[in-house]
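Subject: Structure for you to look at

Hello,

Here is the structure I said I would pass on. Please open it beside this email and follow along.

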Amino acid sequence: AFAADPSHVLGMDKDLRRSLLLSPEDRHHIVETLKRDSEFLASLNIMDYSLLLGFHFNDQDTADNNDRAMTLAEQRALGIFAAADGTGVYALGIIDMLQAYTTDKKQERFVKVHVLRKDQEGISVQAPDVYSRRFIGAMTDIVAPESSLALSGPMELP
């Protein structure tokens, strides 16, 4: 979905066409935090959560109105990370984490896979440990890509 102002875009995971511009230290911190959080959610039998990613690009008004800069620890505690090139900040957090893997979800998975013949790897209804591994894999691709070439150039959304 797109807002009337193209500078305010709401996108989905497939809309993100590049990885984030983060320092190696921030990438490591985010991936490790997401791993711990995802494993914790799996231990509670929770599945089907998402990562909310917000970003803000710096402009003169932002720089002028920043009366008190947060410390790195304060930023990390809030899930805020500076872009490695200094052009803005990212805010990250796990959302929609209230779906338990219940008998209803197991039945839903059975119907989707065995009756509707959906790809069992492609559906969101997964056992919590499988969902956690898939989530971490996808988030690692976005946050800490294998290639540093993925970190060049501006953020692109459709």
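Below is what was found in it, starting with the whole chain and ending with single residues.

Please keep in mind that this is a predicted model. The protein chain holds 5 helices and 3 strands. Read from the N terminus, their order is α-β-α-α-β-β-α-α. Of its 158 residues, 28% are buried. The chain exposes about 10,300 Å², and carbon and sulfur atoms supply 56% of that area. Among contacts with a separation of 6 or more, 76% are between residues 24 or more positions apart. One pair to look at is P24 and A144: they are 120 residues apart along the chain, yet their C-alpha atoms are separated by 8.0 Å. P24 is part of helix 1. Is P24 buried or exposed? P24 counts as exposed because its relative accessibility is 60%, and the cut-off for exposed is over 50%.

Next, the strands. Strand 3 pairs with strand 1 in the antiparallel sense, over 8 bridges. Within this pairing, G54 has A91 of strand 3 as its bridge partner. Strand 2, residues 80-82, also runs antiparallel to strand 3, and 3 bridges join the two. Here F81 is the bridge partner of Y90 in strand 3. Strands 2 and 3 form a hairpin with 5 residues between them. G86 sits in the turn and has a positive phi of about 80°.

Strand 3 is a good place to look at side chains. In a regular strand, side chains alternate between the two faces of the sheet. In strand 3, G88, Y90, L92 and I94 point to one face and are buried. V89, A91, G93 and I95 point to the other face and are not buried.

Now the interior. The largest nonpolar core has 23 residues, and those that touch the most other members are L22, I30, L34, Y49, Y90 and F135. Helix 1, strand 3 (88-95) and helix 5 each supply at least two residues of this core. Which element gives the most to this core? Helix 5 does, with 5 residues. To see the contacts of one core residue, select I30: leaving out residues up to four places away in sequence, I30 touches L22, F81, L92 and V143.

On the outside, F110, V111, V115 and L116 make a nonpolar surface patch of about 380 Å². Of these, F110 lies in helix 4, which covers residues 103-115.

Last, two residues in loops. D48 is in the loop between helix 1 (24-43) and strand 1 (50-57). Its phi is near 65°, which is a positive value in a residue other than glycine. D48 counts as partly exposed because its relative accessibility is 29%, which falls between the cut-offs of 20% and 50%. R117 is in the loop between helix 4 and helix 5 (128-143). The phi of R117 is near 60°, again a positive value in a residue other than glycine. Is R117 buried or exposed? R117 is exposed, because its relative accessible area is 66%.

Regards

Methods. Residues numbered from 1 in each chain as written. Predicted model: local features only at pLDDT ≥ 70, side-chain atom pairs only at ≥ 80, totals over all residues. Heavy atoms only, no water. Patch = residues over 30% accessible without salt bridge, like charges linked within 9 Å, V, L, I, M, F, W, Y side chains within 5 Å. Areas by Shrake-Rupley, 256 points an atom, 1.4 Å probe, with all protein chains shown as cover. Salt bridge = Lys/Arg side-chain N within 4 Å of Asp/Glu carboxyl O. Helix = DSSP H or I, 4+ residues; strand = E, 2+ residues; numbered from the N terminus. Buried < 20%, exposed > 50% of the residue type's maximum accessible area, 1.4 Å probe, protein only. Core = buried A, V, L, I, M, F, W, Y, C linked by side-chain atoms within 4.5 Å. Contact = heavy atoms within 4.5 Å. Pairing = 2+ DSSP bridges.
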